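Me: I'm new to reading protein models. Could you walk me through this one with a few questions and answers?

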Amino acid sequence: MTYVRTFLPWIVYAVVPSGSWRWGALAALVVALILIAGQVRAGRGADAMIIEIGSTVFFAVLAAIAFADPHSGLHPYSAALANGTLAVIALVSLAVRRPFTLGIAKQTTPREYWELPAFVRVNTIITSVWTASFVVAAVVLAAVAHGNVAATVAVQIAALVVPIVFTQRYVSHVRARARRA
């Protein structure tokens with residue numbers, strides 16, 4: 001599944017125990033770099049790696065902070081910052097009218113559909129749902145930053161699962177509607 005691969009660094013960081021945030025950030029950075037290397041080898045353009053590039057920058061900065069000051073006051077808020085960063089990446093992609101999901105969708109969609117307004121509109125809607133999920137997660141995670149670790153993990157999982165499920169169902173709906181037309 002393309003989305004799981006795209007968000008693998010964030011998943012890695014989310015599942016590493018909170019006390020090991022330095023190693024979680026470093027592991028996520030390594031995974032992000034591996035993903036980019038694989039995408040480059042496959043001949044994919046930067047538009048297909050928007051999240052991966054953003055992940056690399058975020059985890060490089062987070063790892064540097066975590067190793068420089070393992071007891072940083074930033075640590076409890078790192079999950080909120082991660083989702084906030086994803087929200088910013090997604091929002092910027094919408095603002096420049098290149099929804100981050102376009103590059104991902106192009107990997108499984110024939111070229112003749114790429115420039116169609118309907119294809120772009122579908123990806124704008126999908127990216128908007130992802131953006132909303134990241135914003136909600138960032139706010140909730142900031143609110144529970146000093147709280148229950150299980151709640152933090154549950155929110156992080158939901159922030160990925162909800163838009164993945166929406167994406168799958170919405171794309172199926174759009175394809176079914178196109179077949180009927």
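Me: Which residues of H3 are buried?

Reply: Happy to help! This is a predicted model. Helix H3 covers residues 21–41, and its buried residues are Trp21, Gly24, Ala25, Ala28, Leu29, Val31, Ala32, Leu35, Ile36 and Gln39.

Me: Why do the buried residues of H3 line one face of the helix?

Reply: An α-helix has 3.6 residues a turn, so residues three or four places apart point the same way. Looking down the axis of H3, you find the buried residues on one face because they fall within an arc of 165°.

Me: Which residues are exposed on the other side of H3, and which helices help to cover its buried residues?

Reply: On the other side, the exposed residues are Trp23, Ile34, Val40 and Arg41. The cover over the buried residues of H3 includes helices H1, H2, H4 and H5.

Me: How far from Glu52 is the nearest side chain of opposite charge?

Reply: Glu52 sits in helix H4 and touches Ala32, Leu35, Ile36 and Gln39, among others. Those four are also among the buried residues of H3. Glu52 is buried too, yet has no salt bridge. A salt bridge needs the charged atoms within 4 Å, while the nearest side chain of opposite charge, Arg5, is at 5.2 Å.

Me: Is Val15 buried or exposed?

Reply: Val15 belongs to helix H2. Exposed means over 50% relative accessible area. Val15 has 61%, so the answer is exposed.

Key. Residues numbered from 1 in each chain as written. Predicted model: local features only at pLDDT ≥ 70, side-chain atom pairs only at ≥ 80, totals over all residues. Heavy atoms only, no water. Helix = DSSP H or I, 4+ residues; strand = E, 2+ residues; numbered from the N terminus. Expected span 1.5 Å × (residues − 1). Buried < 20%, exposed > 50% of the residue type's maximum accessible area, 1.4 Å probe, protein only. Arc of directions from axis to C-beta. Contact = heavy atoms within 4.5 Å. Lys, Arg positive; Asp, Glu negative; His and termini not counted.
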